[in-house]
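Visitor: I am new to this structure. Please show me how to read it, one feature at a time.

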Amino acid sequence: KQNRLFSFGSIVDYIMERAPCDIVILKDCGNKVFDKILVPLDGSKNGIFALQVATILARLHGSSILGFFVNFQDKECFDILPPIYQGHDGVDYTRVQARYINAKDVSGAIIKESKNHDLVIMGPRRVPLLYQLTKETVSQVVSRRITKPLIIVRASQGIRSWIRRLI
């Protein structure tokens with residue numbers, strides 16, 4: 001297994017870490033219609049933004065959205081989104097279904113599920129720098145191995161987060 005400091009490329013990684021705004025990166029999307037959109041979710045702010053981007057495309061193409069949870073802790077939810085994802089502007093909940101699975105290999109489970117979908121939209125999880133230097137994140141592995149069109153999104157962390165990075 002090859003560990004790499006830059007998974008998306010040094011310029012894209014730099015922008016993903018430092019941009020004070022929302023980011024959307026497209027991989028192999030082209031001019032296509034997406035009927036089934038897979039959105040892997042982990043409880044983060046990036047997941048909410050991924051659902052908002054998926055909703056924009058779903059409304060445009062009449063698509064369905066699957067919120068996909070691997071090893072999610074909230075056992076009360078079965079086929080609905082957990083409370084953390086409910087009530088956000090810009091998400092069409094009538095188009096969203098949820099699926100929960102347990103798997104040892106999270107990125108492998110996402111890639112396997114992607115075979116049943118036309119597009120994957122996901123956000124990277126914020127991890128400590130030391131982790132980034134020694135291991136690949138789930139979004140890095142998925143972006144490298146997936147054969148389907150992929151959109152990586154990162155929600156703005158707000159001005160306070162941006163100022164903290166400068167100080």
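Guide: Let us start with burial. Buried residues make up 43% of the 167 residues in the protein. Keep in mind that this is a predicted model.

Visitor: What does the protein expose, and which atoms supply it?

Guide: The exposed area is about 9,700 Å². Carbon and sulfur atoms supply 56% of that area.

Visitor: How many helices and strands are there?

Guide: Count six helices and six strands. Their order along the sequence is α-β-β-α-β-β-α-β-α-α-β-α.

Visitor: What share of the contacts joins residues 24 or more positions apart?

Guide: Take the contacts with a separation of 6 or more. Of these, 79% come from residues 24 or more positions apart.

Visitor: Now a single helix. Why is H3 called largely enclosed?

Guide: Check its residues for burial, where the cut-off is under 20% relative accessible area. Seven of the nine residues of H3 are buried, so the rest of the structure largely encloses this helix. The buried ones are Ser-107, Gly-108, Ala-109, Ile-110, Ile-111, Glu-113 and Ser-114.

Visitor: What do the buried residues of H3 pack against?

Guide: They pack against four strands and a helix: S2, S3 (64–70), S4 (96–101), S5 and H5.

Visitor: How do H3 and H5 pack, in angle and in distance?

Guide: Look at the two axes. H3 spans residues 106–114 and H5 spans residues 138–145. Their axes are 9 Å apart, at an angle of about 40°. An angle from 35 to 65 degrees falls in the oblique class, so H3 and H5 are oblique to each other.

Visitor: Is the crossing left-handed or right-handed?

Guide: H3 passes H5 in a right-handed crossing. On the H3 side, the contact is made by Val-106, Ser-107, Gly-108, Ile-110 and Ile-111. On the H5 side, Val-138, Val-141, Val-142 and Arg-145 take part. By class, the residues of this contact are six nonpolar, two polar and one charged.

Visitor: Which residues of H5 are buried?

Guide: Ser-139, Gln-140, Val-141, Val-142 and Ser-143 are buried in H5. Their cover includes helix H3 and the strands S1 (23–27), S5 (119–122) and S6 (150–154).

Visitor: Let us leave H5 by its loop. Where is Thr-147, and is this residue buried or exposed?

Guide: Thr-147 sits in the loop between H5 and S6. Its relative accessibility is 70%, so Thr-147 counts as exposed. Now compare sequence with space. Thr-147 and Lys-27 are 120 residues apart in sequence, yet their C-alpha atoms are 9.9 Å apart.

Visitor: What about backbone angles? Which sign of phi do most residues have?

Guide: Most residues other than glycine have a negative phi. Asp-28 is not a glycine, yet its phi is positive, at about 60°. Find Asp-28 in the loop between S1 and S2 (36–41).

Visitor: Where does Arg-95 lie, and what does this residue touch?

Guide: Arg-95 lies in the loop between S3 and S4. With a relative accessible area of 25%, Arg-95 is partly exposed. Leave out residues up to four places away in sequence. Arg-95 then touches Ala-58, Arg-59, Gly-62, Ser-63, Ser-64 and Ile-65. One of these is Ala-58, 37 residues away along the chain from Arg-95. Their C-alpha atoms are separated by 7.7 Å.

Visitor: Ser-64 is on that list. Which residues does Ser-64 touch?

Guide: Use the same exclusion of residues up to four places away in sequence. Ser-64 touches Asp-35, Lys-36, Ile-37 and Arg-95. Ser-64 belongs to strand S3. Its relative accessible area is 35%, so Ser-64 is partly exposed. The C-alpha atoms of Ser-64 and Leu-38 are 8.7 Å apart, for 26 residues along the chain.

Visitor: One last residue. Where is Asn-46, and is Asn-46 buried or exposed?

Guide: Asn-46 lies in helix H2, which covers residues 45–61. Asn-46 is buried, with a relative accessible area of 3%. Its C-alpha atom is 10.0 Å from that of Ile-23, and the two are 23 residues apart along the chain.

Terms used: Residues are numbered from 1 along each chain as its sequence is written. This is a predicted model: local features need pLDDT of at least 70, side-chain atom pairs count only at pLDDT 80 or more; totals for chains, interfaces and linings use all residues. Side-chain values use heavy atoms; hydrogens and water are left out. Axes are lines fitted to C-alpha atoms, for helices over the stretch in contact, and angles run from 0 to 180 degrees between N-to-C directions. Helices (H or I, at least four residues) and strands (E, at least two) are DSSP runs, numbered from the N terminus. Angles under 35 degrees count as roughly parallel, over 145 as roughly antiparallel, 65 to 115 as roughly perpendicular and the rest as oblique. A crossing is left-handed if the near helix is turned anticlockwise from the far one by less than a right angle, and right-handed if clockwise. Contact means heavy atoms within 4.5 Å. Ala, Val, Leu, Ile, Met, Phe, Trp, Tyr, Cys and Pro count as nonpolar, Asp, Glu, Lys and Arg as charged, and the others, Gly among them, as polar. Buried means under 20% relative accessible area, exposed over 50%, partly exposed in between (1.4 Å probe, protein chains only). Accessible areas come from the Shrake-Rupley method with a 1.4 Å probe; for residues, only the protein chains shown count as cover.
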